[in-house]
Every structure is written in structure tokens, then in C-alpha cells.
Amino acid sequence: MPTEFRNESFTDFSKEENAQAMRNALEKVGAELGREYPLVIGGERIASDSKLDSINPANRTQLVGRFNKATKELANRAVEEAYKAFQTWRNTPAQDRAALLFRVAEIMRERRHELSAWMIYEVAKTWPEADGDTAEAIDFCEFYAREMLRYAGEQPLYQVAGEESELEYIPLGVGAVIPPWNFPLAIMAGMTVASVVTGNTVVLKPSSDAPTIAFKFFEILEEAGLPPGVVNFMTGSGAEVGDVVVDHPKTRYVAFTGSKEIGLRINERAAKVHEGQVWIKRVVAEMGGKDAIIVADDANLDDAATGVVQSAFGFQGQKCSACSRAIIDAKVYDEMVEKIVDRTAKLKLADPTDASTNLSAVINEKAFKTINSYIEKGKSEGGRVVVGGGSDGEQGFFIEPTVIADVKPGDTIEQEEIFGPVLAVIKAENYNDALKIANDTQYGLTGAIHTTSLHRAQEFITRYQGGLVSINGATYGSGPHMPFGGVKNSGNGFREPGTEALDVYTELKTVVINHNPERV
Ligand code: NAD
């Protein structure tokens, strides 16, 4: 029996042996850049005529990996192969499926820095951000394996005299797993292993911005003994082959994390019942955010400024949980802006292979242009750039951490998800006004308040419209151990991580044994 779940600890890179291990991993991975990777469908490695290149955002001429784009025909085949594999995988004992996840976690631990190095090259994560991503992926395996054992055990059920009843969790079928690029290992692995451990089979379509790390993970699944066809690795255009797997009548569910636009599109398409389809498809859609930190007039301003800057600029602001709005009580506004500016100005924007880098390039050219246009929009709507604002797209997609003050409620950059290193600072008349501004958005993922008042903290917990709220900290995402997901247009109500997570990937079967011959 495995021991109790514990989060993987983060690597302390101030220790020379750890820093050296990471440098070695970067060198090893650096020598492997630019290789070509196949599609893997039903265990068969397949090349197609059309290729897709994954490049280093911080060094735009550096090829990280070349991938084969699936055609519509291959996408259909991937679903068929997953459906075939489901007929046996669904009957594999839960204990064996859990054991597979423990093996996957063990291999990932052995290759921890190597996996992080791939993310440093492929999505420009800094050392600590990449390390955190790998740790979370390991946690997903460890946590879901234990959860599966719990789900497979006896469930509490009200018993009626003369009957004996049981509850079983059964798998759903073929899942289309569609992750984003921003937690290219943790979220991708999390949705995949949750599917597999519950007895489902998968068509994994990684983001075109992060296919290499997904392939490295897929290789680990194979090495750990996952049978062919249980996970099918399918790279390709989201718009082309994404629709094919979402629409396919043998697809039973879609596990999606990404933008609101694509999430809503998938939700709508999946609602249509196609010929031969004998179920209603389930869609799990974890989508965007416009997360806020409220700074009340009684807050510890130094702690608040640290929380704001950390959550605004960690991984270049490219987290669903990034703080993109600091809503500050007018009484402490000027002082807080100064503190935020001071901390932001100290951040080092540089190549992510350098250990001392605090933030690096944004994911791709499209994002570079969009984020810059949001900065211009912020200025044109009366915002005041108090730090940053510059960018350089020559070598890579570098945008300075940018703070725009005096943004008004309802302005474009106060309402739309930017997904980059841009913080909008808004002045609120008072605490109640701050809460009203914070809730006045279509999103509802995370939020935080800085206050020394218990009453205000309690009120914030009750009134802030978000799936996760925190007090006197950053805007948190969560690890596998804690339910996380949004309300409003940030999600459709499921909670992927945490103790309810495997509900998403299973359905219930109730078994009743009648011991009363008179009652038929
Ligand atoms: P995206 O929506 O552009 O892409 C997500 C995935 O969908 C990718 O794999 C993409 O290839 C695929 N896709 C694109 N078109 C498709 C289609 N028509 N059918 C099927 N799949 C299709 O998002 P992104 O840029 O990769 O990620 C950033 C977004 O993800 C942000 O909005 C961020 O807030 C959100 N996000 C949310 C959470 C959360 O837990 N709520 C976590 C991380 C990221």
C-alpha cells in the first residue's frame, strides 16, 4: 500500500549540486533539439506529408522539435484505435492502472531536470517555473493513483433492510484530451493520467506550441508499460483535427483546458449527437481568467506588492491564475503603485537558460503582437505606463513586465484576458467599490485580497465570484491535491484536480442485491 500523498518538493537551485544538475540537463537536451517526432496511433509510429515546427520562443530561429501533422483521416483512426483499446483497458484492474501511474511518477523523478529543460527550451519557462511544472506532473500521477485506489474501494451507501447495495465507478470511454501550452507537462499529463487510471483511453492532441514535452511524456507512458492504443499521440492543427475528434461519434468525452473561445466552441460542437453515437458527450472546459488582487487600505502593503508582482509576472503572466488586475483602495493607491513599480523594475527579463532570469519570452509571435496591442490599447484608453512597456522581437518574443496605472473599470485591458506580462492597476473609491470592480467581469477563476481585517477577508470569501480565493497571498492556481477551476466563463463547473477530480472521468453504477424473496 503506498504511503500518504505528499507534494513533490521544489528544487533548491541555490545549492550548487542542483544548479549543476540543471546545467547538465540543459546541455543534454540542447544537443537533442531539432529532431523529428512521429504520430503514434494504435502503437504505430506514423509520418505524414505535412510538418509542424516547435520553436524556442526566446531564440526564434532555434528548432526544438519537428512534428507530423495528422490528417482528418488519421484523426478518425486515432479515435477508432482508442475505442478498440478501450474494450480491454476498461477491464484492467484499478490496482494495475494505479501501479502504472506510480511507475510513471518514478521515471519522471529520475528525469526531472531533463523534463524541465525541455520546457525551458520549448516554452521559455524559467528554471523555477519549469521545475514547478515537472513537480506538479509527478504529483498528478501520485495523487490520481491513490485516488483511483480509493474510488475502487468500498463506497459509503445507505443500506435498506433486505438488500445489499454497492456503488462502482466505471470508465466513460474514449476521451479527447486537449491541453494548453502554458503548463505543457502538468496539465497535459494530469488530464491524460486521470483518463488512463480510471480505465478510459485517450486521443492526446497537445498544443502546437508545446508538442515536444508532450512526446517526452508519452515515451515515459510507453516505457512504464502502457499498452498500445490506450493513449494515441496526435499532433496537428487544433482547428482541423481538433474538430474531428470532438465530433467523432465514438468520442465519449472531451477534457479541455485553454481559452474561452475554443472551450465554448468545443462545448457547442460536442452537444450535437452524431449518427451512431449512443451517449451525450461530456465536456470538461477549464478556461481563461481575469484574476484580481484587491488591496484594502488596511493591508500590509509590502506583502501585497510582493503578491501582486509575483502573480502578475510569473511565467510572463501566462497563467490562467495570473493577477492581471490590482484593484487598490484610493487611500493607499499612490504608495502601492510605487511599491509595485519598485519590485517590477528589479525583475530580470532574459534568456530562460540563465538561472538568474525572472521572466523570459512570451510563447509566440501571435501572442507577442496581441500583448503589444493590448499595451497600446491601455495607453489609448488613458492608462499610464509606470514601468515597462517596451518589447523586442528580434531574437525572441521579449516583452518587458509592464504596469499600467489609472486603468478605469470597464476599459479593455481591465476586461479582456491578455495572457502576458501586463498588469492593469485600478483605483477603487473604497473596499466595497473594489469588490464591485473585481466582480464586474465575465471570468471567475481566482482572486485574492490583502487586508488585516477578518471581517473583510470573510466578506471577500463570500462575495468574490471565483473558483479559488486566497487571503493575503498571490492569485493561486492549485496543485493536484486541491479542487481548482472557475465559475462564470472560466469553466463549466467541474473541478479537475482534487478529491472530486476522478468523478469527471467516470460514471456510477449502482448494484443492488435483493435478499428478500417476497420483494421482486
Ligand atoms: P487555446 O484555446 O488556444 O488552445 C488550447 C488547446 O486547444 C490547444 O491544444 C489547441 O491546439 C486546441 N484547439 C484549438 N482549436 C481547437 C478546436 N477547434 N478544437 C479542438 N481543439 C482546439 O489556449 P492556449 O493558448 O493553449 O492556452 C491559454 C489559455 O488557456 C488561456 O485562456 C488560459 O487562461 C487558459 N488556461 C486555463 C486554465 C484553467 O485551469 N482554467 C489553465 C491553463 C490555461
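This tour moves through a predicted model one selection at a time, stating at each stop what is to be found there.

**Stop 1: a sheet of three strands**

Begin by selecting residues 35-37, which form β1, and residues 51-56, which form β4. Add residues 59-68, the strand β5. Together these three strands form an open sheet, arranged in the order β1-β5-β4, with mixed pairing. Because β1 and β4 each have a single partner strand, they stand at the edges, and one side of each is left without a neighbour in the sheet. From one strand to the next, the twist averages 35°.

Now display β1 and β5 alone. These two strands pair in the parallel sense, over three bridges. To locate one pairing, select E36, whose bridge partner in β5 is R66.

Next, bring in residues 211-223, which make up helix α7. This helix lies across β1, β4 and β5, and it runs at about 45° to β5. Keep α7 in view, for the helix returns at the next stop.

**Stop 2: β7, β8 and β9**

Select residues 201-204, the strand β8. Are the residues on the two faces of this strand buried or exposed? T201 and V203 on one side are buried, and so are V202 and L204 on the other, which leaves both faces of β8 covered.

Add residues 174-178, the strand β7. β7 and β8 run parallel and are joined by four bridges. Within this pairing, V177 stands opposite L204 of β8. Then add residues 231-233, the strand β9, which also runs parallel to β8 and is joined to it by three bridges. Here V202 has V231 of β9 as its bridge partner. On the way from β8 to β9 the chain passes through α7, the helix from the previous stop, and this β-α-β crossover is right-handed.

**Stop 3: helix α6**

Select residues 186-197, the helix α6. With β7 and β8, this helix makes a right-handed β-α-β unit. How many residues of α6 are buried? The count is twelve of its twelve residues; among them are A186, M188, G190, T192 and V197.

The length of α6 can be checked in the viewer. At 1.5 Å a residue, its twelve residues should span 16 Å, and the end C-alpha atoms are 16 Å apart, so the two values agree. Step just beyond the helix to G199, which takes a positive phi of about 100°.

**Stop 4: helix α10**

Select residues 301-313, the helix α10. The same check applies: at 1.5 Å a residue, the 13 residues should span 18 Å, and the end C-alpha atoms are 18 Å apart, which agrees. At the N-terminal end, show the side chain of N300, which caps the helix. A side-chain oxygen of N300 lies 3.1 Å from the backbone nitrogen of D302.

Colour the buried residues of α10: L301, A304, A305, G307, V308, V309, S311, A312 and F313. What covers these residues? The elements involved include strands β12 (291-295), β13 (323-329), β17, β18 and β20 (446-450), together with helix α11 (333-345). Just after α10, select F315, where phi is positive at about 45°.

**Stop 5: D406 and F419**

Most residues other than glycine have a negative phi. The next two residues may be viewed with that in mind.

Select D406, in the loop between β17 (402-405) and α13 (412-415). Although D406 is not a glycine, it has a positive phi of about 60°. Its relative accessibility is 30%, so D406 counts as partly exposed.

Continue to F419, which lies in the loop between α13 and β18 (422-428). F419 is likewise not a glycine, yet has a positive phi of about 60°. With a relative accessibility of 23%, F419 counts as partly exposed.

**Stop 6: F494**

Finish at F494, in the loop between β22 (487-488) and β23 (506-514). Is F494 buried or partly exposed? Its relative accessibility is 27%, and F494 therefore counts as partly exposed. Show also R282, V283, V284, E286 and V504, all of which F494 touches. V283 is 211 residues away from F494 in sequence, while the two C-alpha atoms are 9.2 Å apart in space.

Terms used. Residues numbered from 1 in each chain as written. Predicted model: local features only at pLDDT ≥ 70, side-chain atom pairs only at ≥ 80, totals over all residues. Heavy atoms only, no water. Pairing = 2+ DSSP bridges. Axes fitted to C-alpha atoms, helices over the stretch in contact; angles between N-to-C directions. Contact = heavy atoms within 4.5 Å. Buried < 20%, exposed > 50% of the residue type's maximum accessible area, 1.4 Å probe, protein only. Right-handed = clockwise from strand over helix to strand, strands pointing away. Expected span 1.5 Å × (residues − 1). Polar contact = N/O pair within 3.5 Å; in protein donor to acceptor, adjacent residues only side chain to side chain. Lists of a residue's contacts leave out its neighbours within four places in sequence.
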